[in-house]
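Visitor: I'd like to learn how to read a protein model. Could you walk me through one?

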Amino acid sequence: MTPAGGGGHPARGNRRAIQMGERFLRQAEYDLDNARALVGPHRSYLAANLAHQATEKALKAAVWSLGGQEPPWKHSLRQLAALVVSDPSQIPANVAAAI
């Protein structure tokens, strides 16, 4: 897999990877919209759970789109983010701390 910044775009020509990347991104946007709707008293844990899932799906969309292959079945945002960049040290410190 060629991560971001690694030159080329492996997903081009790989119709399934492009479709899956778009599908995961739509699901991530839907989850994030629902997370925003749940922000409030007694529902913050649900909002946080959906926000985590939205982030996970967005990262998996990037793995599909940039790498042209199925992302691993992992829930670790840090591990998924590392698959998207060519050098994990490129992940901004504030983002790395949040994931």
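Visitor: Let me start with one residue: is His42 buried or exposed?

Guide: His42 is exposed, with a relative accessible area of 75%. Buried means under 20% relative accessible area, exposed means over 50%, and partly exposed is in between, using a 1.4 Å probe and protein chains only. You'll find His42 in the loop between α1 and α2. His42 also has a positive phi of about 65 degrees, although it is not a glycine.

Visitor: Before we go on, what kind of model is this?

Guide: This is a predicted model, where local features need pLDDT of at least 70, side-chain atom pairs count only at pLDDT 80 or more, and totals for chains, interfaces and linings use all residues. Residues are numbered from 1 along each chain as its sequence is written, and side-chain values use heavy atoms, with hydrogens and water left out.

Visitor: How many helices and strands are there in the chain?

Guide: The chain has four helices and zero strands. Both are DSSP runs numbered from the N terminus: H or I of at least four residues for helices, E of at least two for strands. Of the 99 residues of the chain, 28% count as buried.

Visitor: How do I describe two packed helices?

Guide: You give the angle between their axes and the distance between the axes. Here, the axes of α1 (residues 15-38) and α2 (residues 44-67) come within 8 Å and cross at roughly 165 degrees. Axes are lines fitted to C-alpha atoms, for helices over the stretch in contact, and angles run from 0 to 180 degrees between N-to-C directions. α1 and α2 are therefore roughly antiparallel to each other. Angles under 35 degrees count as roughly parallel, over 145 as roughly antiparallel, 65 to 115 as roughly perpendicular and the rest as oblique.

Visitor: Which residues of α1 are buried?

Guide: They are Ala17, Met20, Gly21, Phe24, Ala28, Asp31, Ala35 and Leu38. An α-helix has 3.6 residues a turn, so residues three or four places apart point the same way. In this model, the buried residues of α1 pack against α2.

Visitor: Asp31 is on that list. What does Asp31 touch?

Guide: Leaving out residues up to four places away in sequence, Asp31 touches Leu50, Gln53, Ala54 and Lys57. Contact means heavy atoms within 4.5 Å. The relative accessible area of Asp31 is 8%. Try finding Leu50 too: Asp31 and Leu50 are 19 residues apart in sequence, yet 5.6 Å apart in space, C-alpha to C-alpha.

Visitor: What about α2 and α3, at what angle do they pack?

Guide: α2 and α3 (residues 77-84) pack at an angle of about 25 degrees, with their axes 9 Å apart. That makes α2 and α3 roughly parallel to each other. The contact includes His52, Thr55 and Glu56 of α2, and Leu77, Leu80 and Ala81 of α3. By class, this contact of α2 with α3 has nine nonpolar, two polar and two charged residues. Ala, Val, Leu, Ile, Met, Phe, Trp, Tyr, Cys and Pro count as nonpolar, Asp, Glu, Lys and Arg as charged, and the others, Gly among them, as polar.

Visitor: Is Glu56 buried or exposed?

Guide: Glu56 counts as buried, at 8% relative accessibility. Glu56 sits in helix α2 and touches Lys74, His75, Leu77 and Leu80, not counting residues up to four places away in sequence.
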